[in-house]
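Let's take a walk through this structure together. Keep the 3D view open as you read, and turn it as each part comes up.

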Amino acid sequence: METTSARGRALAAQKPTFLDVLADLWDPQSNPNGIVNLGLAENTLMHAEMKEFANANIHIDGHALTYGDGFSGSHRLKKAISHFLNRYFSPWTALRPSDLAITSGVSNALECCAWALADAGDHILVGRPYFNAFKTIFGSRPGIELLEVSFGTIDPFSMAAIDEYERAYAAAKSNGVRIKAVLLCSPHNPLGRCYSEDILKEYMRFCSRNGLHLISDEIYAMSVWRNPRMSDAPGFKSILSMNVREFMDPSMVHVVWGLSKDFGSTGLRIGCLISPFNSVFLEAVEGISLYNFPSSVADQLASRLLLADGFTEQYISTNQHRLAESYEFATDFLQSHSIPYKDCNAAFFIWMNLGAAMKDATATDKEILAKLSGERVYIAPGTAYAGEEAGWFRMVFGHPPHILEEGLNRLVRAIQSKN
């Protein structure tokens with residue numbers, strides 16, 4: 001007799017494989033045979049600075065031990081995030097605390113979009129490849145499907161790519177598929193590039209023509225850095241900084257951001273949903289805020305962080321410098337071992353073609369993963385990101401040199417192995 005429901009068994013089958021990685025992480029002293037994690041999108045380059053700030057600024061009061069100001073973030077945190085976004089995202093209209101809701105991470109903020117903008121069985125357009133968790137964020141609980149847009153040899157950041165969205169939308173509509181929104185990730189995960197202002201305008205026009213919401217995931221906004229090989233590549237441009245009214249109904253534009261990536265704090269679980277022109281949408285988010293309630297301790301720390309202008313300015317500058325150095329270190333290594341990759345200038349991962357570098361040219365992605373696992377290094381396969389070609393993997397470089405070097409050496413041993 002089964003002790004769980006059919007739904008429970010289906011959820012058990014979805015247990016992320018990286019949980020086993022986290023349970024056995026490599027450490028040169030305490031766990032030298034552990035797994036080197038170059039798969040999860042975490043930036044550990046600034047942990048020393050963040051730990052110092054956190055340890056000096058956690059001061060809990062009685063208010064933090066209650067339900068506080070409600071389930072969608074304290075008044076102080078909403079003011080702090082508005083202050084930060086007004087400073088760094090250059091919004092067309094200055095943001096107010098009432099324009100946003102705080103959630104326990106950006107994944108929660110995206111799930112709120114699914115609950116409040118679409119009904120079960122509806123679809124959201126997203127271009128390939130895309131962040132692997134989008135499927136579970138939109139699908140597991142809200143029941144929203146992703147409709148993938150393929151590009152083939154077309155640059156996903158070009159005007160021609162929007163033609164592929166048009167084709168995908170038209171085909172879906174003719175088949176009776178309900179599309180509610182376009183989901184953009186800029187800076188992009190896993191490609192590490194930004195959409196230009198002209199392209200963002202065209203996506204808004206596309207949404208306007210077809211009555212679609214635009215959800216802009218800007219979680220890597222401050223993690224853009226200088227790559228000398230991409231001197232003409234667009235930098236980060238927030239949808240918030242544009243006069244949206246010129247291109248689409250502003251009530252159908254929604255942005256998410258949080259601390260996980262730009263402040264190397266995936267464990268703090270602070271995200272936010274910004275929708276300045278749709279109060280009903282934010283009220284819907286309040287309706288389920290009990291399930292997205294951020295920790296009051298994290299709330300207080302984030303408030304102090306985002307109001308500390310001197311610290312955030314220095315942090316962002318240093319972080320971008322270290323990311324550029326780590327990227328150079330990693331790509332020099334890949335070049336020296338003839339491993340093809342796509343250049344980028346944002347976030348902290350590299351889209352690389354391990355299939356093209358394998359000793360065994362016939363190796364499948366599953367076989368490459370097995371070889372990596374045998375060498376005790378974790379790198380995410382492109383198949384998890386709906387990559388269009390076999391052999392591609394996403395490697396995270398946002399780590400100090402000793403971690404990168406250990407992981408990359410294990411990677412090379414894996415792809416050079418004949419067994």
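**Two domains and the spaces around them**

The C-alpha centres of domain 1 and domain 2 lie 25 Å apart. Bear in mind that you're looking at a predicted model. In sequence terms, domain 1 takes in 6-49 + 312-416, while domain 2 covers 61-308. To see how the two meet, colour them separately: 32 residues of domain 1 are in contact with 41 residues of domain 2.

Now for the open spaces. The largest pocket holds about 1,400 Å³, and 44 residues line it. If you want to find its centre, look for Phe18, Phe131, Asn132, Ala133 and Thr136, which lie nearest to that point. Four elements each give two or more residues to this lining: helix H2 (18-22), helix H5 (106-117), helix H6 (134-139) and strand S11 (380-381). Of these, H5 gives the most, with 5 residues. In chemical terms, the lining of the largest pocket is made up of 22 nonpolar, 12 polar and 10 charged residues. Domain 1 and domain 2 each supply at least three residues to the lining of the largest pocket.

What about the second largest pocket, and how much space lies in it? The figure is about 410 Å³. It has 17 lining residues, and those closest to the centre are Gly152, Pro156, Lys342, Trp351 and Glu389. By class, the second largest pocket is lined by 7 nonpolar, 3 polar and 7 charged residues. And where does it sit relative to the domains? Both domain 1 and domain 2 give residues to its lining, so the second largest pocket lies between them.

There's a closed space to find too. Searching the whole structure turns up 1 cavity of 30 Å³ or more, with about 100 Å³ of space in it. This cavity has 16 lining residues, and Val126, Gly127, Pro129, His188 and Tyr195 lie nearest its centre. Strand S3 (123-127) and strand S5 are the elements that give two or more residues to the lining, with S5 providing the largest share, 3 residues. The lining of the cavity has 12 nonpolar, 3 polar and 1 charged residues.

**Asn189 and the cis bonds**

Next, zoom in on Asn189, in the loop between strand S5 (179-185) and helix H8 (197-210). Is Asn189 buried or exposed? Its relative accessibility is 3%, so Asn189 counts as buried. Its side chain makes a polar contact with the side chain of Arg394, at 2.9 Å. Beyond its neighbours within four places in sequence, Asn189 is in contact with Pro129, Tyr130, Phe131, Tyr220, Phe349, Tyr385 and Arg394.

Two peptide bonds here deserve a look. Most peptide bonds are trans. The one from Asn189 to Pro190, though, is cis, with omega near 20°, and Pro190 is in the loop between S5 and H8. The bond from Arg128 to Pro129 is also cis, with omega near -10°. Pro129 lies in the loop between S3 and H6; among the contacts of Asn189, you've already met Pro129.

**A few more stops**

Backbone angles give us two more places to visit. Most residues other than glycine have a negative phi. Ser90, however, has a positive phi, near 50°. You'll find Ser90 in the loop between H4 and strand S2 (100-103), and it counts as partly exposed because its relative accessible area is 47%. Ser338 also has a positive phi, near 55°. Ser338 lies in the loop between helix H11 (309-336) and strand S9 (349-353), and with a relative accessible area of 59% it is exposed.

Finally, swing over to Asp69, in the loop between helix H3 (47-57) and helix H4 (75-88). At a relative accessible area of 33%, Asp69 is partly exposed. The side chain of Asp69 reaches the backbone nitrogen of His75 at 2.9 Å. Setting aside neighbours within four places in sequence, Asp69 is in contact with His63, Ser74 and His75. For a sense of distance, try the C-alpha atoms of Asp69 and Asp155: these residues are 86 apart along the chain, and the atoms are separated by 46 Å.

Terms used
Residues are numbered from 1 along each chain as its sequence is written. This is a predicted model: local features need pLDDT of at least 70, side-chain atom pairs count only at pLDDT 80 or more; totals for chains, interfaces and linings use all residues. Side-chain values use heavy atoms; hydrogens and water are left out. Buried means under 20% relative accessible area, exposed over 50%, partly exposed in between (1.4 Å probe, protein chains only). A polar contact is a pair of N or O atoms within 3.5 Å; within protein, one must be able to donate a hydrogen and the other to accept it, and residues adjacent in sequence count only if both atoms are side-chain atoms. Contact means heavy atoms within 4.5 Å. On a 1 Å grid over the protein atoms alone, a cavity is a set of points where a 1.4 Å probe fits but cannot get out, and a pocket is an open set with protein on both sides within 12 Å along at least five of seven lines; lining residues have an atom within 4 Å of a point. Grid points are joined across faces, edges and corners, and a volume is the space filled by probe spheres set on the points. Ala, Val, Leu, Ile, Met, Phe, Trp, Tyr, Cys and Pro count as nonpolar, Asp, Glu, Lys and Arg as charged, and the others, Gly among them, as polar. Domain bounds come from an automatic or database domain assignment.
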